[in-house]
Each structure stands twice: as C-alpha cells, then as structure tokens.
Amino acid sequence: MEPENPPEPSQDSVSLLKRLAGPSSTKAGLTHDQTAINRVIAEASKGSKFYENEKRKDKELSERIAKILKQRDEALQGVDIRPIERNIDHLLEELESQRDLSQTVVHVDMDAFYCSVELLDDPSLQGKPFAVGGGVLSTASYEARKFGARSGMATFVAKKLCPDLILLKSNFERYSEMSDKVMDIFERYDPTMLAAGCDEGYLNITKYCEEHMVDADTCVQEIRDTVFRETSLTVSAGIAPNKMLAKICSDKNKPNGQYHLPFDHTSIKAFMHDLSIRKVPGVGRVNERLLEALGIKTCGDIFKHRATLQLMDKQFGLVFLLRTYLGIASNVVQPIQREEKKSIGAERTFHALSNKTQILRKLEEVAGELEDDMVRGGWTGKTVTLKFKLDTFQVFTRAKSFDRWVSSKKEDLFAIGKELLLPELPLTLRLIGLRVTKLKDLHAPEPLGGIKRFLEPANSSPRKRPRLASNAEDCNDEEHNTGEDHESMPGFYEEEENAEGRGFDAPDDEEQTLISHDSNPLHHKRRTRPPVSAPGPSRTRPSDSPFSATTSKPMSARQGDRVRHQDCPICGKLLETDNKGLNAHIDFCLSRNVIMEAQTEAQSTPKKSKDLVLSWPSSVKGKRKRKG
C-alpha cells in the first residue's frame, strides 16, 4: 500500500526528468504542466543510450553546481555585500540611461513551419497529430504538441507520448522554396531584415511605418495577412523596442497571433520581472540550472542576487543578466555581414547506422549540400571539420587544415571527409556533418596578384582572427562595456552547438577538434578518440592513421604534413606546427576551463577561488540559430 504522502523526488531526479524533456520543453502549444509528460519521457527513455548519456551529463552538471555553490560560499564569506550592491546599482543607472525606445523591432516566427508546409501539400493531415523528421523530430504539429511531442525529441519517445503520431520525411527543397517566398515578403517591409533561420527573422519597421503613416500593430497585421494570402502559411510576431524583447513577445500569442509590448521602461521592467529566465534568448538549459541553483528563476531574481553575480562574474556574465533584468538589448537589425561569417557547413541526422557503405553515402550527401552552399555563397576555406554523433549521443569532431584553399567540389569535400572518417570506423553513427572554416570570400576584390596568387599555395601565415571579448572578460573590466557584446550567458553557444540537428552554417562558429562536446575534456587529453560501438574502446588504430594514438612518430614524419604557421580558432594564437599539433593545441584550449575549475577547487582562500572562476572560450559569439 502506497503511503499517503510520498516523499518528494530528489533534486537530482527532478533535474534529470527536466533534462530528458529536451531543449524544446518551452515550445508554444505544449501543456503548461509538463510533469506527467516528463515522467512518460523518462520511462520511455530508460535503458536507452540516450538516457544513459543524459544521466551522465546531468550528474556532471550536478557536480559542477556543487563546486560553484562552494565557490559562492567562499566568495561571500566575511564580505560586506552592501558596497557591491551600491556599485551594481550605479551600473544599472548607467545601463538605464542608454535605453533606446526609438526603434520598432518585430520578430516574425513561422508557426510549426515544416509541418505547415506539409499541410499545404496534404490537407488530409489537418487536425491530426503529425511530425517531420527521422530518428529525431525536426518539428511537430500543434495537435502533436498537445501530447508532448516536440522538436529535438527522439521518435521512439514521441511515439510513446502519441501512439497515433504520423511521421513524415523531411522535404528540405520544399521548405527552402517556401522560406524564400516568406522572406521576400518580409523584405518588402524592411530590406535590411535579419534572417535568423529559414522560418524566423527580425525586422525594423520604424521607417516603413513613418513613410506609410501606419502604426506598428497595423503594419504587423498587414505583414501576417500578406504572408497568409500569398503562401497560405501563418506567422506569429512580437513588437518591441529591441530584438530580445521582440523574440520573447513573438511567443506570447502563438500560433497565428501578435503581441505588442508597450514602449516605456516601467512596462518593460514589469514584463521582465516575473518572466522565467529560460524564456530569455541566450540562456540555455545548462545556465538555467546554474542560475536556479543560486535562487534565480525569474528575471526579477537577478536583482536580488546581484552581489553574488558580481562576485562570480566570469561564470554568469553580470552585464548580460543586468541588461536582461532591465529588458535592454540590441535594436540593430541588419543582415549578417559577409565579413562576419566564420564557417559554412551542413549536417544530417538519421537513424543509427553502422554499415560503412550507408555511412559514406550520408557523408556524400552532406558533401553535396556543402558544395551547393559554398558555390552559391562564394566561399572557400583552409580547414575542413568532420562532425559525428555516436549512437551513445556523444559528439566528436576531426579536422584537417591545408596550406591552400580547399576545392568546393562535392568529390573533393567527400574525399577529405572520408579521409577523416575512415580511421574511426567501425562506429555506429546517428549524425554526420562537414564544415569549412578559415574562410575566404570569393566575391571580395582580389588582392594584388589576381587569380594566380589565389591558386598558388599560401606562403605567408593566414590573417589572425581578431579575438572577441567574452562576456566574462568584459564584465571584469573596471569600466563596464555596455555595448552589444552581452547577448548571451557564457557557454551558451557551446550548448547550442550540441543541440540535436544543429547546423554548421553560422556567422561565428567555434572549431572544436579531437574532443567530445559533452564529455570531460580532461579524459580526452588521455584518449584522443571516441569510444567505439564495437568492438570496444581499447581497440588500437593502424599506425598510419592520421589520428594515431599509438605511434610516437610526429605526424609530419608519417604523412609528409609540413610544419607551418596556423592560427588557433579558439585563442587566436599564431602557431608553428603541423595538423596534429594544431589539434592538440585546440584540445588544450577547450579543456582549459575544466583545468581552471580543478585549480580553483584546490585553492584554499576565497580570494583565489574568486579569481579563478572559469570562463568559456570567447570565439563562440554570433551563432545563427536554426529551427524546424
């Protein structure tokens, strides 16, 4: 017989249930109380490799939180927080003085875009629960969301939640066609709009409203009506003074609605006060848990804990959170500039495959997509990165740099990807991708020497990538930078990069080589390859593998790979090394935050603990989000 008052589940089990629910648990159309659905997801996932991987990551995060709480207690020990709070209050006043309410920004977001396009081609799906995707859902209809199915969810879990779920294969050509039509309509109202993906974007309609003498609500209604009239698709919108607020507002009246936030600081601060921290763009699931551990669940809680956030600035990004509390963000809307683009790539998610021929076929398809993007966009580069996700849901990458510009031909890209992949087999994979970095804009004017210089190998070292200041570094300055560098919490884009189906086509992507995105990097300092599906992780590699862990010969001696100047995409340092040396250096850069964490734990004084709070690499800013 069950007790009348069963014990409350532990925080660890609660956090695991929430993690298993996935990154899209705040999607529009889902029931407000996800408790029952989360338990079904957990039960359906138990025993799977996905469950074990999420359980491991949840445990690691719990241990990280315990360390952070210890650091907080040490940092606060014997400290008078009143002067700290007064300093932050002065900073809040400075930030408030820079609030700009002069621009009308709109975030437009297509409603269940892939599913809506499928509905155009097959009206019999109307009113039925269906989704688009393979092993993982790209998006789900609103009928399916009522059962808890959502994007990023494993298909077998979605089927448990919704047994009658109809699953459709993705038709990206059709989605791209409809996306182009919708974006063309948006550009009529703002020719310099920012496309944030195939199904969403930001518009500044200030000028349009002035020229046509209409108010913002009328203009946005006209945009939505035009989209529906010309495409039969619905779009939701948020109207606000900046991009962050507009994006939050576009989710308020989904689907097929719009929300206008009043343009005064009192209304904006009231709007933000009770808003869940998870609703803020730039705060991912990991940072949500970190903040909740400090007692910050809503944006209003940021003010209460402002002294703690100051003392642990590098971990949380004080200025970003203060701007969030005030509802202040960038209102600059413009297309991503070509010079900002750092990488271009493509990837595919699929049911787990272990057959070598089938895996190579997927790689070839990805190479074809990448060729199209490179040719259409006019790009080439010097580093090719292979990304793959195991059936255990761990993500790894392998990279190769060249002293020449790589060919954009499908055959050549496939050959490079194949060279990187074959030494790793046998593996069981569920995602594969290719990315080109260290880009050259072929549309830019040629330097002196013309096409001949372009075709010849580069003798001089490539131009160093300017290092972007991270939130943590900026917040630690004596004079706080209140510019546009504070648009996410530290580590947010690493989390985004790990998201299911995340694309490589981003304006500023962090190259991650020879390291698991979701494992302790210290382990990979000792083991430079992923665990294999079969036979086992102890399997040795052939000595001629370009990533051999068994040979002591330098890579240049084994493969004729010349030592040359190469720039690290993480720290920006110029190195004189071969590809193996570059990969080892990148591995170190990505591991340093964990090393710093270990150093911090070993310190005995609060001051040292505070000084060594870890920060993530700074070259991850500006990623472009993709949604289904």
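Here is a short conversation about burial and salt bridges in this predicted model.

Colleague: What makes Cys 162 buried?

Modeller: Its relative accessible area is 2%, and buried means under 20%, so Cys 162 belongs in that class.

Colleague: And why is Cys 198 called partly exposed?

Modeller: Cys 198 has 25% relative accessibility. Partly exposed lies between the 20% and 50% limits, so Cys 198 counts as partly exposed. As for disulfides, a search of the whole structure finds zero.

Colleague: Good to know! How do you know that Asp 111 and Lys 254 form a salt bridge?

Modeller: The closest N and O atoms of Asp 111 and Lys 254 are 2.8 Å apart. The cut-off is within 4 Å, so the pair qualifies as a salt bridge. Asp 111 sits in the loop between β1 and α5, and Lys 254 in the loop between α11 and β8, 143 residues apart. Both residues are buried.

Colleague: What makes Arg 174 and Asp 121 a salt bridge?

Modeller: Their N to O distance is 2.9 Å, and the definition asks for within 4 Å, so this pair is a salt bridge too. Arg 174 is in helix α8 and Asp 121 in helix α5, so the contact ties together parts 53 residues apart in sequence.

Colleague: Why is Arg 174 counted as buried, and why is Asp 121 partly exposed?

Modeller: Arg 174 has 18% relative accessibility, and buried means under 20%, so Arg 174 counts as buried. Asp 121, at 45%, falls between the buried and exposed limits, so Asp 121 is partly exposed. Both also belong to a salt-bridge network with Glu 177 and Lys 181.

Conventions
Residues numbered from 1 in each chain as written. Predicted model: local features only at pLDDT ≥ 70, side-chain atom pairs only at ≥ 80, totals over all residues. Heavy atoms only, no water. Disulfide = S-S within 2.5 Å. Buried < 20%, exposed > 50% of the residue type's maximum accessible area, 1.4 Å probe, protein only. Salt bridge = Lys/Arg side-chain N within 4 Å of Asp/Glu carboxyl O. Helix = DSSP H or I, 4+ residues; strand = E, 2+ residues; numbered from the N terminus.
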